[in-house]
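Work through the exercises below with the sequence and the coordinates open. Each task is followed by a solution in steps.

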Amino acid sequence: MTDDSGHSGFHYSEQDVHREVTELESRSTTAARIFDLRRIIGGLFVLYGIIVTIAGITDSQAEIDKAQGININLWTGIGMLLLGVFFLVWLWLRPTPPPVPPATEADD
């Protein structure tokens, strides 16, 4: 159904528009929290830290001797784990704040 100007006959009330904007804002907030870089960086460092730590635990004495007697995989893995946990704790203590809604104009 269209009128003479070619526009459809569907009209949205102010409440419909407000509800749609509120829904989009909540989706945006959820997406911002999911893709927070602290979550991604922390998760990757924890994952790789676990892998490198396991490699360090299972290193042979010959591999340790190559690194001048230091179990470099073990220490690097522990460091990566600590850094990853730091990022995840930081995210937990200081979550992403919700976006500030734009200022609405005062009704005249």
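**Exercise 1.** Against which element do the buried residues of α4 pack? Identify these residues and describe how they are arranged about the helix axis.

Solution. The model is predicted, and confidence is the starting point.
- Step 1: the chain averages a pLDDT of 81, with 71% of the residues scoring at least 70. Among the elements of the chain, α4 (residues 72-93) has the highest mean pLDDT, 96, and α1 (residues 14-34) the lowest, 70. Where pLDDT is low, the predicted coordinates should not be read in detail.
- Step 2: the 22 residues of α4 reach 31 Å from first C-alpha to last, close to the expected 32 Å.
- Step 3: the buried residues in α4 are Gly77, Met80, Gly84, Phe87 and Leu91. Viewed down the axis of α4, the buried residues fall within an arc of 90°, so they line one face of the helix.
- Step 4: the partner of these buried residues is α2. On the face of α4 turned away from the buried side are the exposed residues Trp75, Leu82, Trp92 and Leu93.

**Exercise 2.** Classify the ring pairs that Phe87 makes with Phe86 and with Trp90.

Solution. A pair of aromatic rings is described by the distance of the centres and the angle of the planes.
- Step 1: the structure holds three aromatic pairs. In the pair of Phe86 and Phe87, the centres are 5.8 Å apart and the planes make an angle of 75°. Planes over 60 degrees apart count as edge-to-face, and this pair is edge-to-face.
- Step 2: for Phe87 and Trp90 the centres are 5.9 Å apart and the planes are at 45°, so the pair is tilted. Phe87 and Trp90 are three residues apart in α4, so about one helical turn separates them.
- Step 3: Phe86, Phe87 and Trp90 form one aromatic cluster. Phe87 is buried at 15% relative accessible area, whereas Phe86 is partly exposed at 49% and Trp90 partly exposed at 37%.
- Step 4: Arg38 lies over the face of Trp90, 5.0 Å from the ring centre.

**Exercise 3.** Is Asp36 buried or exposed, and which residues does Asp36 touch beyond four places in sequence?

Solution.
- Step 1: Asp36 is in the loop between α1 and α2 (37-57).
- Step 2: the relative accessible area of Asp36 is 11%. Buried means under 20%, so Asp36 counts as buried.
- Step 3: leaving out residues up to four places away in sequence, Asp36 touches Leu91 and Thr96. Leu91 is one of the buried residues of α4.

Conventions:
Residues numbered from 1 in each chain as written. Predicted model: local features only at pLDDT ≥ 70, side-chain atom pairs only at ≥ 80, totals over all residues. Heavy atoms only, no water. pLDDT = per-residue confidence, 0-100. Helix = DSSP H or I, 4+ residues; strand = E, 2+ residues; numbered from the N terminus. Buried < 20%, exposed > 50% of the residue type's maximum accessible area, 1.4 Å probe, protein only. Contact = heavy atoms within 4.5 Å. Phe/Tyr/Trp six-rings, centres within 6.5 Å; stacked < 30°, edge-to-face > 60°. Lys NZ or Arg CZ within 6 Å of the ring centre and 35° of its normal. Expected span 1.5 Å × (residues − 1). Arc of directions from axis to C-beta.
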